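Colleague: I would like to look closely at one part of this model and at what lies around it. Please take me through it slowly, as I am new to reading structures.

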Amino acid sequence: MIRRLVLPLVLFIIIVLEGVALELLPLQLLSGDYFIVPHWLFIFLVFVAVFFDHNDTYYSVLYALIFGLLFDIVYTGVLGVYMFSYALVIYIVHGIKKMLQGNFYVLLLLATFGIVLIEFTIYGIFSVVGMVDISIESFMLNRLAPTILLNLVFLIVIYPFSSKRLEKWKTEIPLGERMR
């Protein structure tokens, strides 16, 4: 029972830390024209998709829906944007992962691909509803590139603590209790 609560608790802690992430960064990184968006929750969901989910389980997609909605409620004024984009991109990542082995390089590749998809999805949705008014060139240079870089640093930092633990938890779930 306790094992079932650990992963959602870790995701909840990450979503809280993501809210204060920019205050933890040096001011030199935040000044200027660059805009950095931490997607730590999404990065950890990629970890879950790669190292925790079996090919026939979708815990990462379920957690993306739940915690994406929570992210929308707490941090944005538009419900459903992060819930939809996180769940869709994690589902795509989960599908691609089925064809690849779960290792650091695959994780790095899938996280980079996922962040690019997330950022373009969010940019597209917010552009349609009129909440974003920057050019695509400015978006790619001033937001997308620094965001990818910051989130990959986060991935590298948490990799030693997360990958083996998630693989261990994956083996501890009995076959009959798997959510499909």
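Which residues does methionine 131 touch, not counting residues up to four places away in sequence?

Modeller: Please keep in mind as we go that this is a predicted model. Methionine 131 touches Val78 and Phe126, once residues up to four places away in sequence are left out of the count. The place of methionine 131 is in the loop between α7 and α8, and its C-alpha atom is separated by 19 Å from that of leucine 69, a residue 62 places away along the chain.

Leucine 69 brings us to another pair of helices, since Leu69 is among the residues of α5 that meet α6, together with others such as Gly68, Phe71 and Asp72. On the α6 side, the residues met include Val81, Tyr86 and His94. Helix α5 covers residues 59–75 and helix α6 covers residues 81–97, and the two pack at an angle of about 160° with their axes 7 Å apart. The two helices, α5 and α6, are therefore roughly antiparallel to each other, and α5 passes α6 in a right-handed crossing.

Let us return to the two helices on either side of the loop. The axes of helix α7, residues 104–128, and of α8 come within 10 Å and cross at roughly 145°, and here too the crossing, of α7 past α8, is right-handed. Among the residues that make this contact are Phe104, Leu108, Ile115 and Tyr123 of α7, and Ile136, Leu144, Asn151 and Tyr159 of α8.

Helix α8 itself deserves some care, for although it has 37 residues, from 136 to 172, its end C-alpha atoms are only 45 Å apart, short of the 54 Å that a straight helix would reach at 1.5 Å a residue. A kink of about 60° lies in α8 at tyrosine 159, shortly before proline 160. Within α8, residues 144–161 form one of the spans that an unreviewed UniProt entry annotates as "transmembrane region"; this span is 100% helix, and its end C-alpha atoms lie 26 Å apart.

Finally, α8 also packs with helix α4, residues 40–52, at an angle of about 35° and with the axes 9 Å apart. In this pair, α4 passes α8 in a right-handed crossing, and the contact is made by residues including Trp40, Phe44 and Phe51 of α4 and Phe154, Tyr159 and Trp169 of α8. Tyrosine 159 thus appears in the contact with α7, in the contact with α4 and at the kink.

Definitions and conventions: Residues numbered from 1 in each chain as written. Predicted model: local features only at pLDDT ≥ 70, side-chain atom pairs only at ≥ 80, totals over all residues. Heavy atoms only, no water. UniProt positions renumbered as here; feature names shortened; annotations may be inferred. Helix = DSSP H or I, 4+ residues; strand = E, 2+ residues; numbered from the N terminus. Expected span 1.5 Å × (residues − 1). Bend = angle between axes of the 7 residues up to and from the residue. Axes fitted to C-alpha atoms, helices over the stretch in contact; angles between N-to-C directions. Parallel < 35°, antiparallel > 145°, perpendicular 65-115°, else oblique. Left-handed = near helix turned anticlockwise from the far one by under 90°. Contact = heavy atoms within 4.5 Å.
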